[in-house]
Amino acid sequence: MTGTVIAGVVTLAIVARVVTLVDDWGRDWTNNHANWDDSATDPKKRPLRLSKPIAEVRRDLETWVESEPIWQIESIAEESVDTPVAGQTQAIHLTRRTRWLRFVDDVHVQLTEEVSPAGDVVTRVDAESQSRVGKGDLGQNPRNLLHLREAFSAE
């Protein structure tokens with residue numbers, strides 16, 4: 001009897017956790033991809049523009065990933081990013097692993113350096129997150145991108 005009660009409580013806790021994670025019931029069961037888009041109505045779902053050179057943005061991202069135990073840098077496209085050049089890009093592949101079931105999400109970040117007519121250096125940050133398994137992500141990919149945005153906002 002005690003085992004049945006414990007199993008029931010654990011099942012109820014898991015269901016409650018899933019219910020609290022899902023933000024968009026229509027999207028989160030059928031979509032396992034999210035990205036920042038210029039046309040998004042929510043400003044938190046648009047690409048970032050940071051008033052820093054691309055090399056500095058890259059270093060800030062690397063430092064943040066080092067402080068996050070579930071995030072990891074998989075690869076960085078090696079290019080020279082020492083001098084500001086309009087249109088220069090840097091591709092970074094990150095992964096985020098869930099704590100319990102160890103599912104992996106691939107997060108691709110594209111840094112593009114832009115130089116304004118006034119000569120100011122701005123780095124545009126585009127990002128997308130994709131689950132490796134499943135048809136839905138229960139909203140994890142949008143949360144990955146929100147977490148990534150908070151990393152840049154905390155600077």
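Here are three short exercises, with worked solutions, on a predicted model.

**Exercise 1. Find which residues touch the most other members of the largest nonpolar core, and which element supplies the largest share.**

Start with the core itself: it has 23 residues, and Leu61, Leu94, Val109, Val125, Leu148 and Phe152 touch the most other members. Next, go through the elements. Strands S2, S3, S4, S5 and S6 and helices H3 and H4 each supply at least two residues. The largest share, 5 residues, comes from H3. Now zoom in on Val109: leaving out residues up to four places away in sequence, its contacts include Leu61, Leu94, Val125 and Leu148.

**Exercise 2. Describe how H3 and H4 cross, and work out which residues make the contact.**

Take the geometry to begin with: the axes come within 10 Å and cross at roughly 115 degrees, and the crossing is right-handed. Then list the contact residues. H3 brings Val57, Leu61 and Trp64, while H4 brings His147, Leu148, Ala151 and Phe152. Sorted by class, that's 6 nonpolar, 1 polar and no charged residues.

**Exercise 3. Explain what the salt bridge of Glu114 with Arg49 ties together, then look at Lys52 with Asp60.**

A search of the whole structure turns up 6 salt bridges. In the Glu114 and Arg49 pair, the closest N and O atoms are 3.8 Å apart. Glu114 sits in strand S5 and Arg49 in strand S2, so the pair ties together parts 65 residues apart in sequence. Glu114 is partly exposed at 28%, and Arg49 is partly exposed at 45%. For Lys52 and Asp60, the N to O distance is 2.7 Å. Buried means under 20%, so Lys52, at 18%, counts as buried, whereas Asp60, at 23%, is partly exposed.

How values were computed
Residues are numbered from 1 along each chain as its sequence is written. This is a predicted model: local features need pLDDT of at least 70, side-chain atom pairs count only at pLDDT 80 or more; totals for chains, interfaces and linings use all residues. Side-chain values use heavy atoms; hydrogens and water are left out. A nonpolar core is a set of buried Ala, Val, Leu, Ile, Met, Phe, Trp, Tyr and Cys residues joined through side-chain atoms within 4.5 Å. Buried means under 20% relative accessible area, exposed over 50%, partly exposed in between (1.4 Å probe, protein chains only). Helices (H or I, at least four residues) and strands (E, at least two) are DSSP runs, numbered from the N terminus. Contact means heavy atoms within 4.5 Å. Axes are lines fitted to C-alpha atoms, for helices over the stretch in contact, and angles run from 0 to 180 degrees between N-to-C directions. A crossing is left-handed if the near helix is turned anticlockwise from the far one by less than a right angle, and right-handed if clockwise. Ala, Val, Leu, Ile, Met, Phe, Trp, Tyr, Cys and Pro count as nonpolar, Asp, Glu, Lys and Arg as charged, and the others, Gly among them, as polar. A salt bridge is a side-chain nitrogen of Lys or Arg within 4 Å of a carboxyl oxygen of Asp or Glu.
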